[in-house]
Amino acid sequence: MLNNASILVQSFTLKKYPAELSLTALICMTGMVEGAAVSLVMERDMSAWKIGFDSRLLAAAYSVSILFFFNL
């Protein structure tokens with residue numbers, strides 16, 4: 001949930017940039033880039049990022065299927 005400061009910042013931003021969906025996409029993309037940068041710094045072993053045909057793939061597929069199930 002957003003706190004009051006971020007809602008205030010978004011209201012000022014929306015006054016200058018009224019395209020709400022584009023602003024939302026920009027915020028999500030910025031968060032994705034920041035999260036990727038932090039993840040790459042925290043986990044430097046590139047072999048940890050590989051998803052093989054094993055339990056890691058099953059865990060990823062299961063989590064995505066659960067997300068789709070509960071969003072319907």
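**Figure 1. The radius of gyration of the protein chain, set beside that of a compact globule.** In this predicted model, the protein chain has a radius of gyration of 18 Å, whereas a compact globule of 72 residues would have one near 11 Å. Measured out along its principal axes, the C-alpha trace spans about 50 × 35 × 20 Å.

**Figure 2. The helices of the protein chain.** Welcome to the fold itself. The protein chain contains 3 helices and 0 strands, and its elements follow the order α-α-α from the N terminus on. One of the helices is α2, which covers residues 20-42. The next views visit two of its residues, E20 and M32.

**Figure 3. The surface and charges of the protein chain.** How much of the chain is buried? Buried residues account for 1% of the 72 residues. The accessible surface amounts to about 6800 Å², and carbon and sulfur atoms contribute 72% of that area. The protein chain also carries 5 positive and 5 negative charges, whose mean positions lie 8 Å apart.

**Figure 4. A nonpolar patch on the surface, formed by M29, M32 and V33.** Together, these three residues have about 330 Å² of accessible area. Let us pick out M32, which sits in helix α2. Is M32 buried or exposed? M32 counts as exposed because its relative accessible area is 53%, and the cut-off for exposed is over 50%.

**Figure 5. A close look at E20 in helix α2.** E20 has a relative accessibility of 54%, so this residue is exposed. Where does Q10 lie with respect to E20? The two residues are 10 residues apart along the chain, and their C-alpha atoms are separated by 9.8 Å.

Terms used. Residues numbered from 1 in each chain as written. Predicted model: local features only at pLDDT ≥ 70, side-chain atom pairs only at ≥ 80, totals over all residues. Heavy atoms only, no water. Patch = residues over 30% accessible without salt bridge, like charges linked within 9 Å, V, L, I, M, F, W, Y side chains within 5 Å. Areas by Shrake-Rupley, 256 points an atom, 1.4 Å probe, with all protein chains shown as cover. Salt bridge = Lys/Arg side-chain N within 4 Å of Asp/Glu carboxyl O. Helix = DSSP H or I, 4+ residues; strand = E, 2+ residues; numbered from the N terminus. Buried < 20%, exposed > 50% of the residue type's maximum accessible area, 1.4 Å probe, protein only. Rg over C-alpha atoms; globule rule 2.2 N^0.38 Å. Lys, Arg positive; Asp, Glu negative; His and termini not counted. Charge placed at Lys NZ, Arg CZ, Asp CG, Glu CD.
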